[in-house]
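Q: I'm getting to grips with a protein model, and I'd like a close look at its aromatic residues. Please keep it friendly, and fill in the surroundings too.
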Amino acid sequence: MDDKAVLKDHRQIGQELDLFSFHDVSPGAVYWHAKGWLVYRAITDFVRSLLATRGYQEISTPILAKADLFKRSGHWEHYHENMFVLDVDKETYAQKPMNCPEACLIYATKTRSYHDLPIRLADCKAGKRQKDATLKSVSQHPYLTHNIEMAQLFKVTVNWSKTMTNFLK
């Protein structure tokens, strides 16, 4: 194997191009530099336009919620070990590992009919987990979507992947 090709990943390239950096004071968090933030915003704007043409509505939910929400949704059981948890005033809070439990809260704010389906919600804040892969990557996408009509989720995911693959060619 060529020495130049050994372990040159996006984290190293991004730092060499002055796009972003990482610092020990906030492990896994990306510090976006000016040029990198421009790239990030351009990609985010592109993704937003694609989501809008596909009928997604953008929402915004808090990054921190009571652990009870994640216990109720089943996320606690699967992600608890890798969630950022905070105890305040005898209450446990966690940084969301993904957006779907909070999107469900928005969905539940009013009575809906099957005529309203599908409801596609996109939250711009990425969930965070403590897994090594997550802490070492800037590739976590800011749009984790919740599609209420689950029967179409696979089709939407495949089409989304094809669109992004064609765009990147």
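Let's start with Trp 32: is it buried, partly exposed or exposed, and what is its relative accessible area?

A: Trp 32 is partly exposed, with a relative accessible area of 29%. That value is not under 20%, so Trp 32 does not count as buried, and it is not over 50%, so it does not count as exposed either. Keep in mind that this is a predicted model, so everything here is computed from predicted atoms.

Now for the company Trp 32 keeps. Together with Phe 20, Phe 22, Trp 37 and Tyr 40, Trp 32 forms one aromatic cluster. The structure as a whole holds 5 aromatic pairs. One of them is Phe 20 with Phe 22: their rings are 5.6 Å apart centre to centre, with 70° between the planes, which makes the pair edge-to-face. Phe 20 is buried, at just 4% relative accessible area, while Phe 22 counts as partly exposed at 22%. Then there is Trp 32 with Tyr 40: the ring centres lie 5.0 Å apart and the planes meet at 50°, so this pair is tilted. Tyr 40 is also partly exposed, with a relative accessible area of 26%.

If you're wondering where those two numbers per pair come from, a pair of aromatic rings is described by the distance of the centres and the angle of the planes. That helps with the label too: planes over 60 degrees apart count as edge-to-face and planes under 30 as stacked, so the 50° of Trp 32 and Tyr 40 lands in the tilted group.

Aromatic rings can have charged company as well. Lys 71 lies over the face of Trp 76, at 5.3 Å from the ring centre. Over at Tyr 56, the charged end of Arg 120 sits above the ring, 5.9 Å from its centre. These two rings give us handy starting points for the surroundings.

Follow Trp 76 and you arrive at the largest nonpolar core, which has 7 residues in all: Ala 65, Ala 67, Leu 69, Phe 70, Trp 76, Met 83 and Ala 94. Helix H3, residues 67-73, gives the most to this core, with 3 residues. Ala 65 is a good one to click on: leaving aside neighbours within four places in sequence, Ala 65 is in contact with Phe 70, Thr 92, Tyr 93, Ala 94 and Glu 102.

There's a sheet to look at here as well. Three strands form an open sheet in the order E4-E6-E5, with antiparallel pairing. Strand E4 (64-66) and strand E5 (85-88) are at the edges with a single partner strand each, so one side of each has no neighbour in the sheet. On average, neighbouring strands of this sheet are turned by 35° against each other, direction ignored. Strand E6 (residues 91-95) is joined to E5 by 4 bridges, and you can spot Leu 86 standing opposite Tyr 93 in E6.

Between E5 and E6 runs a loop, and Asp 89 lies in it. The phi of Asp 89 is near 50°, a positive value in a residue other than glycine. Lys 90 is found in the loop between E5 and E6 too, and has a positive phi of about 65° although it is not a glycine. Asp 89 is exposed, with a relative accessible area of 73%, and Lys 90 is exposed at 90%.

Now follow the other ring. Tyr 56 belongs to strand E3 (residues 56-59), which pairs with E7 in the parallel sense over 4 bridges. In that pairing, Gln 57 stands opposite Leu 121 in E7. Strand E7 (residues 120-123) is covered on both faces: Arg 120 and Ala 122 on one side, and Leu 121 and Asp 123 on the other, are all buried. The two-sided split fits a simple rule: in a regular strand the side chains alternate between the two faces of the sheet. In the loop between helix H5 (100-107) and E7 you'll find Pro 118. The peptide bond from Leu 117 to Pro 118 is cis, with omega near -5°.

Finally, zoom right out. The chain has 7 helices and 8 strands, and 26% of its 169 residues count as buried. Among contacts between residues at least 6 apart in sequence, 61% join residues at least 24 apart.

Terms used: Residues are numbered from 1 along each chain as its sequence is written. This is a predicted model: local features need pLDDT of at least 70, side-chain atom pairs count only at pLDDT 80 or more; totals for chains, interfaces and linings use all residues. Side-chain values use heavy atoms; hydrogens and water are left out. Rings of Phe, Tyr and Trp (its six-membered ring) pair if their centres lie within 6.5 Å; planes under 30 degrees apart count as stacked, over 60 as edge-to-face and the rest as tilted. Buried means under 20% relative accessible area, exposed over 50%, partly exposed in between (1.4 Å probe, protein chains only). A charge sits over a ring if NZ of Lys or CZ of Arg is within 6 Å of the ring centre and within 35 degrees of the ring normal. A nonpolar core is a set of buried Ala, Val, Leu, Ile, Met, Phe, Trp, Tyr and Cys residues joined through side-chain atoms within 4.5 Å. Helices (H or I, at least four residues) and strands (E, at least two) are DSSP runs, numbered from the N terminus. Contact means heavy atoms within 4.5 Å. Two strands pair if DSSP finds at least two bridges between them. Axes are lines fitted to C-alpha atoms, for helices over the stretch in contact, and angles run from 0 to 180 degrees between N-to-C directions.
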